[in-house]
Structures are given as structure tokens and as C-alpha cells.
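This report describes one protein chain for a reader who is new to structural analysis. Please keep the sequence and the structure in view while reading.

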Amino acid sequence: MSISNSAASLTELNVIDTLEHASNPQHAGSQVQRLAEQQLKDWSILPGFHYILQSIYLDLSNSLQIRWLAVIQFKNGVEKYWRSTRINAISKDEKTSIRGRLFDLIDEQNNQLCIQNAQAASRIARLDFPTEWPNLFETIEHILENEHINRDDIKLYNILVHVNQIVKILGTARIGRCKPAMQSKMPLIFPLIVRIYLHSFDHWTSRYTQNGNNNATDSDELTKLQVSYLALKVLRRIVCEGYERPHKDESVCEFMKLTISHFELLINNQENMGKLHVYEKFIKCYGKLYYNTVTASPANFILLPCSTHILIAYTKLIFEKAQVVYTENSDTTGDFWEQTVIKGILLLKKVINFVCKKNVITLRARSDKISVDEAIAKINREFLNEDLIKKLVDILMNWYLKLRPAELENWFIDPEEWINEQMMTSYEYQIRPCAENFFQDLINNFPDLLVPYLLYKIENEAASLTNSADDFLKKDAIYASFQLSSNVVGDKVDFDSLLTSVFLPEATNSNVSPDQLKLIRRRVALIINEWSTVKCSEASKSLCYKFFGEMLLTEKDKVVLLTVVQALRTMIDDWNFDKDVFQPYLNDIITILLREILPSVSLTETRLYVLNTLADIIIQTKPLLNKDLLIEIMQRVPSLWEVSTNNASETILSNALLRLLRHLVSSLAQYSYLTWEISIPLIRYSCDPSSPQYQLLNEDGFELWGALLQHYSPKEHNVFDPEFIELLPFLEFAVDARTEILPTLLEIVKSYTLILSQAEFLSSDSLLKIFEDMAKYLLSLREDSYQIILQVWEVLILSNEYGGENLLFSKLYETGVLRAMFDAIFLEETLSSYQCGQIFQIIGRLSYLNPDALLESLAQYHNSLPTMNENAHLPMKSKKTIFSDSSFDVVVQRFLSQWVVCYKEIYDPKLKNIHIMGMSSLLRTKMITIIGDIGLIISLWIEMMEEINENSNGDCEKYHLNDIVTEQSITYYPLTNEQLRQHEIEERNDFVHHISFKEFVIQILKFLEETLGVQRYNELLSNVNTSLMENLQLFLTVKPQQ
């Protein structure tokens, strides 16, 4: 066939031929297949294509591979082109034709093809029901009522596949009309599906319950099994998603009553039926039905007439199957009873939490309050009582909190794997974590009943137990209950006393076997893990640290060791952590973690945990760790880095290593240059856009880069490594991408401004390119990035060297920085006064530096603007208030007036000084327009002098209100070298601290007198308000404070 791109070639035969070329394995990867795929893509936007695809799928004379590709193309096309708002959307008439045939092939023999068609139908239902497809459920009802279909299990199964997908996708809708509309239609199909379920369920179960036959070999029997299971699955979805208040619908109540009897029937016949491939699916499906119903609305579930029956059935299983679950091994005997009991515990957990936390229930309607009250009254009357709660606690402690034989075996076989699993396991999937979680719910919800009961059991039962293996496991479970009840029992017991008299002696008892000692040491570490953050004195914490140190040094079992590390990390991360209490044990613990524990573990997750623990200790104990130990930690990084970068499964370690290095840099502070040899190559690897791990590592890499610059101290190491300059193109690339880490990147740029000289900084092409990028997008930057880039420009101006202002102005103009600031000032859609004031703060510093250069830059900017007429046709966000055909005097007038408006919103005396001295410096340009505003400027001078009281050097206490470096901050908060550097440059170079404001005003007035001549000068001042001039003279004669 010649594959053509013309619309005329769209016929069913041609599409079949093209599908054959595209799907034939003989053409895999060939030009023929590529042309066929392109042709299908070209046809996909043409009218009638998707109808033809549906026709090909429905035609059983086509080969399976052609029909398969046709239905896949059809489903994908529905996803892409069904919405009427999409470009090349499927026409309304074609949609109608397609909808009319969606259920035509319900005798499809291939299950996978049927599922693809069902998924397409469900997507169409989500988009078209109820508006364009109002009779969807009437159509399904008609099919389900058809006796011919009801006698054919294949057709029944296929229609249920479609209903399952449709209810599933409509049930997920949270907005729009489709879900309420679906709920209104459920009474049409629900009874019919119940009938199918009941008929097929009775058919296959009768053979097992009556004859004891446990071989389902004939195809009819297997099909009945599949139909009944799928019907149950659909009904589960309908009950949970198809009814707002299922307990008020009689048919739902009858069905739910039916399910619990069927559930019990299957449970009681587990020996006969357990070998069926769908047996466990049925039990899980019933569990999902009840759990999803109670999750959606506990009140609705409880108000079902059979809810008590359901709860009793599962509670009975929890008690009766405890020993079976305890001995189960998922690897050999399976985990059927474990998973069934977990579902029962989760069900009870939901109900009990609902009853006990009624004050935090969300009510969507006034009638809900009545339902909630009725449900709580019913469950307390029919199910919950004190005796049941105590028995639940007993069964949990006697069986479910105990370490099972399978767990002990796994602990012995692979301790590191086992402890990792314990740290990460969700309580919804394993019985012991589930029992622990449920136990905590019980003790939290019934403290008055259970606390005395629990303490009695702990005190009496634990003391009476022997050293036998079984009794030791029971003791471990009792101690587990004490561990889990810390939040509730905390006020009732003296943990400090128990720690010294019971737990620590137990953990160091040499009269028990090594295996038993491992158990108790692990448990004591877990108890400390829970109780240390609840109720534990500093003296007891010191004992815990001592115990941890001994365990890390002497214990060989990895489970115990890593549980100790877990407890240690919890104590280190506690908000109440006192590093002075920990200090006596700090070096020993770090040394053991570094030299013994870290090299001994082999799994990625464990290495990660130990590395993160080391990082936490470094952060929390700063600056107690000595330099040599920090260097030793650093020296472990290269070998681990090699492992992480050479093995795909270990890649996540790279991030942890970068973070660890960053914390080491922070702790080393002025000695951080010692990490350069290791850190810089890692930064190069992480931040190089061509690196294979760039996406994963760049954020941590840039943070490490920033930390190295922030902590660099020229006093300790006066040679700034030239590799830091070589890295700058990576920074340029990252800034250009403008991702979420832009503030981090701009902080790095700021660090360079504080380390490099102005000439070095402005000679870097990468840094200047970053300025270009930031200037281009200045007004669209997020607030944090906006603040940082302005700080960068301000620091660069502050670091100006003598005679360097010409270079500075030149580079700021070439990179578009000045233009961006002028744009911000003259925009028709004005910035807030605060943001505009920040721009003028930079302008003020530039003006003080060289007012003539500033006005020259403004003139260049003015000449580059569009004319008034051109400006009128620009989009609103680009329109300016000045134009190239405006006079420059008008531009300057607008500039000054905008500055004064922003100045009025500034209240920090230091910032006001920067603005007023910058604005006043413009008088030195001799421009008549500016000099004409002398009266306004004088009023600002007087206002400023009223507020400040400078010393003879021009400094003032009020100028230091927001200083980062103060006597208090140095004492109580360790500052970075960068903060000290910035403070130093401000103290040294900022004119605010060195130029007397009064002297500045006097010099400006002298300059005007010399420039204008005495007569014109006096004429100028004669136009100023007399009282202003008197006040000015008064302030200028006041002597500064000494």
C-alpha cells in the first residue's frame, strides 16, 4: 500500500491496511512502521477517523493485532479529542454515532480488548454524562435486564467490566453534575447487579458447601466465580460512591446484610474454598467494601442495620485468629489471616475514633448532626463497652504486639534489611505496626479506663514472667505497651526512676541469653525514643547518652545498633535538646558512628539514615565538634561518593553527602577552606548541566557552593581558589533557567560581590550575563529573588573603588540594569511605593557616587524610548509615563516627583538618609529643573535633621537599628563570615556612617553659591518659604554630639 497524507485516503480499508503495517512485528522499527504511525497521527485530526477505528474494533473478522491497535488508538483519541474545546475536536454527530455503539460488542472474547473499550467508554461518560449522554444508565439497565445476556456469562462479565470502569471514573468526580446525576440513577442498576451477584455466588458456593468439592475445574464454574467477584467489585464501588446516604436505601441495606453472611460463609469454609484463586479476592473485597464505607462516612456505616454484625464478625476474627496470625509466615504459609485481621483492626479503629472524637467531625448539613448522634448512641448501645476495650488491649498485648517467629527469623537472617523495614513499614500492611497504632488509639481514647488497667498489667505481669523464650517475648510486648502509651501515661509514672531502676539494668543484665538481651536492648532504645521527648530529665538524658555510647561500642547486632541510632537521632532533633548535656559523649559517639557503624552497613537506606544522623549531630552541636573530627568525617565522603555515583541504586546517597558536606562547612566556619579539595569537584559534578545527575543533585550542589562562599575567611586563607571562578558558567546556566532555587543562586552571586573586588566582579562575563537576565525579568521576579538582586547591586555599589564609578555605570547600563530600574520608575502601571522605594535606594547610592553619570544614563534611556504615539499602541504592562518626544526637563521632573512620593513611605532613618543625600546630589548637576525644586529638597533636609542626632563623624544610633552584627548577635548567634564581611563593608564604605548630613547640606549650598553666583543664589533662596530657611539655619548651627 502507498501511504498517503491526503484526506481522501481516509477509508476503513486504508485504515485497516495502515494499522496492519503499524502493528506487524515484521515491520518493527522499519520505515514502513514509522510511515504507518505518522499516517495514523495525520488521520487522527480528520472527521470520521475515530468512528472508523471503532468499526474496525467491532468487526471480529479483523485480526486480533489490528483490533488491538484500533481500540488503543480509539481510546487515546477519546482522551485527546473528545472535549469540544480541544483543537480538532471530534464532531457532535460523530460522538453520537460512537456512543451508540459502545456496548455493541459485549460478547468480546478477549478480556484485554474489552477493558480498553470499557476505559474509553468510561472517559466518554465522564465528559458527556449527564448533559450529552443522559440515558447512559437506562441503556445499561436495558442490557442488564436482557434475559439472553443474563444467561451468557461472557456477556455478563463484559458488561460488568464496562459498568465497573464507568462507576469508578464518575465516582472520582468532585465537582460538576456527573456524580450527583450518577447517584440519582443508581436505583436503576443496583438491584440488577445484586441479582447477578447473588445468582452467580449461590451457584458456585453451593457446590462447596453441600458437596465439600474443592475443585473448580470446569469453565462454567470458573466463569461463575469471575462474574460473582466482578459483580461484588462493582457493587462495592456503587455502595461507596453511588449513594450519599446508603443506610437510607433499603436495597443497599439488604445487600450489605447479604455480604456479611457471605463473608462468614467463606470464612467458615476457608479450608474447602481457600485454594480457589479468587477466594482471597472475595474476602479482601468485602473488607474494602466495609472499610471504604466507614471511611467515607462512619455515621452512615454505623447506621446500616447490619453494621454491628459486621463489627462483631471482624472482632471475632481478631480474637479467634490471633494465634494463627502469630505463627503465619508470608513467605511460606501466606499472609491471608494477617491481612484479614488488619482490615478488621482498621475497621474498629475508624469506628472507635469516630465515637471518641465526635467534636472534630465535619458536618456538611444540619441533618448530619442527628445522624452522628444516632450513630454514636447505636454503637455504644450495641457494640462498644468497657469489657470489650479491655479484652482488645489484652489480645493486642498477648499476641499482636509480640515479635512473631517469622520476624525473629528475618531479624536473624538479615538484620539490616529487617530494621529498615521496621522503620519504613506502614501500619496498614503489617500486623504488628497495625496493632501498635490501634493500641495507641485505644489508650488515647480511653485513658481513664485503660491507664490504671495498663499500669497494673505492667507492674504485675512483667514481674511474674520467667526468663523463658516465650515469657521474654511477652515481657517485650508489655514493655512495648509502655513505650506506646508515653503521651497518656506520662503524668502518671516517674520515668526517670523507671529508667534507672528497671530499663537500664534490664538492658545491661548479663544473666540472660544473648538473644534475649538483644530483644530487651532494642526495646529499651525504643522506649527512650518515645519517652525522651515526653518526660525525661536532663540527668536521665545524660544516662541515655551514656547507654547509647556503650551500646554502639559493645553491641554487635545491627538491629540493636540501628535502633540506638534511631533513638539518638530523635533526642538530638528534639526542640528541647541541650548540647551541653550531650557534649561529654559527643566525640565518642561521632567517632563510633563514623569508624564503626557507617562502614559496617551495606544498604542504601541504612547508610542514608546514619549519614543524616551525623548531619543532625553536626548541626545541633555546632560549634562543639573539634576541627580534626570534622575533617575525619569529611574524608569519608569521597569513597561514599564514588559508590553513590557508580551505582544507580545508591544515587540518593549523593544528596545526603552534599548536605553533610554543607553542614561540615558550616561547622568548620573560617576553616571551611579545608573542604575545598573535596567539595569543589563535587560541586562541579552536581552543578554542571551536562552531568548525568544534574537534575537530582543541582539544588544540594548549589547550596554547598553557597555555604563555601559564605564561610570563606580571607584572614585564615588569603588565596581564593580560582576554581570558584571557573564554576561561574554553571551558575549562569542555572540562573537563566529561573527555577524555584533562584533565590539560592542569587545569594551565591551576592557572595561573589562580597569576596571579589569590583573590577574582578565586573570582568566576569557570566556574572554580567546574570545581571542581564535579572534586569530583563526584574519586575516578574518573586519577592525573595527581587530583594536579593537589589541587595547584590547595592553591595556592588558599596564596594566601589576609587575612580571605578565610570566602569560601574558603564556595566550597569550595558547589562540593562539601569534601564530595568528606570522602566520600573516610569511604568504607567506603577509599582507599590515600597518596591519603587527599593529601586530608588539603588538610584540614591548611584546618584551620590556620580550624579552627572546618573543623569547621562537617564538621558540615554530617554532617547531610546518610543514616541507618545508608539507608546499608546504598546500593551498596558509596557506603557510608560514618559516618551522620547517628551522634553528631558519633563523626564527629570517626573523622575524627581516619583522619588519624593516613594521617599514619603520610608521610615528607617538610615534609608531616608540614603535617599535624601542621593536626591540632593542631583543639585550638583547644575540642571535648572532640579535646582528649581530647592524648596522641596530643603523641606526634606529639615525633616531629616529633626529626626537624627549625628556625631561629628556623621554616624548616628538610629542608623544601626537593623544591623545584623551587634554585641548581642555575636554573643548569642554564630554569624557567618559573609555576614561579618557585609557588615564590615557597610561600616567602611557606606557614606551614611561617615558623612555628616549637616556638613553635606552645607557643601551642597556652597556648591550652588559658587555655581550660580551670589546674586542668583540669593534670588533662588528668596523664593523659598521664610520659615523653612529659618529652620534650616537653626539646624545647621546646632553642634553635633561628641
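## A salt-bridge network

The side chains of Asp-990 and Arg-845 meet in a salt bridge, with 2.8 Å from N to O. A salt bridge is here a side-chain nitrogen of Lys or Arg within 4 Å of a carboxyl oxygen of Asp or Glu. Asp-990 lies in the loop between α54 (977-989) and α55 (997-1012) and Arg-845 lies in helix α46, so the pair ties together parts that are 145 residues apart in sequence. Helices (H or I, at least four residues) and strands (E, at least two) are DSSP runs, numbered from the N terminus.

The model is predicted: local features need pLDDT of at least 70 and side-chain atom pairs count only at pLDDT 80 or more, whereas totals for chains, interfaces and linings use all residues. Residues are numbered from 1 along each chain as its sequence is written, and side-chain values use heavy atoms, with hydrogens and water left out.

Are the two partners buried or exposed? Asp-990 is buried, because its relative accessible area is 0%. Arg-845 also counts as buried, because its relative accessibility is 4%. The term buried means under 20% relative accessible area, exposed means over 50%, and partly exposed lies in between (1.4 Å probe, protein chains only).

Salt bridges that share partners join Glu-794, Arg-845, Lys-910 and Asp-990 into one network. Within this network, Glu-794 forms a salt bridge with Arg-845, and the closest N and O atoms are 2.7 Å apart. This pair links distant parts of the chain, with Glu-794 in helix α43 (residues 783-798) and Arg-845 in helix α46 (residues 833-849), 51 residues apart. Glu-794 is buried, as is Arg-845.

## Another buried pair

Arg-523 forms a salt bridge with Asp-476, and the closest N and O atoms are 3.0 Å apart. Arg-523 lies in helix α28 (residues 514-531) and Asp-476 in helix α25 (residues 469-484), so this pair ties together parts that are 47 residues apart in sequence. Both Arg-523 and Asp-476 are buried. By the salt-bridge rule, the count comes to 45.

The salt bridges described above are set out in the table.

| Pair | Closest N to O distance |
|---|---|
| Asp-990 and Arg-845 | 2.8 Å |
| Glu-794 and Arg-845 | 2.7 Å |
| Arg-523 and Asp-476 | 3.0 Å |

## The chain as a whole

How many helices and strands does the chain have? There are 57 helices and zero strands. Buried residues make up 55% of the 1042 residues.

The radius of gyration of the chain is 39 Å, whereas a compact globule of 1042 residues would have one near 31 Å. This radius is taken over C-alpha atoms, and the globule rule is 2.2 Å times the number of residues to the power 0.38. Along the principal axes, the C-alpha atoms fill a box of roughly 125 × 90 × 65 Å.

Leu-442 offers a detail from the interior. This residue lies in helix α23 (residues 431-445), and Leu-442 counts as buried because its relative accessibility is 0%. Leu-442 and Ile-419 are 23 residues apart along the chain, and their C-alpha atoms are separated by 26 Å.

## Backbone features in the loops

Most residues other than glycine have a negative phi, and most peptide bonds are trans. Several places in this model depart from these habits, as the values below show.

A cis peptide bond joins Phe-129 and Pro-130, with omega about 5 degrees. Pro-130 is placed in the loop between α6 (111-128) and α7 (136-145). Another cis peptide bond joins Lys-622 and Pro-623, where omega is about 5 degrees. Pro-623 lies in the loop between α32 (604-621) and α33 (627-635).

Ala-669 is not a glycine, and its phi is positive, near 50 degrees. Its place is the loop between α35 (652-668) and α36 (676-687). Ala-669 is buried because its relative accessible area is 19%. Arg-738 has a positive phi of about 50 degrees although it is not a glycine. Arg-738 lies in the loop between α39 (728-737) and α40 (742-755), and Arg-738 counts as partly exposed because its relative accessibility is 34%.
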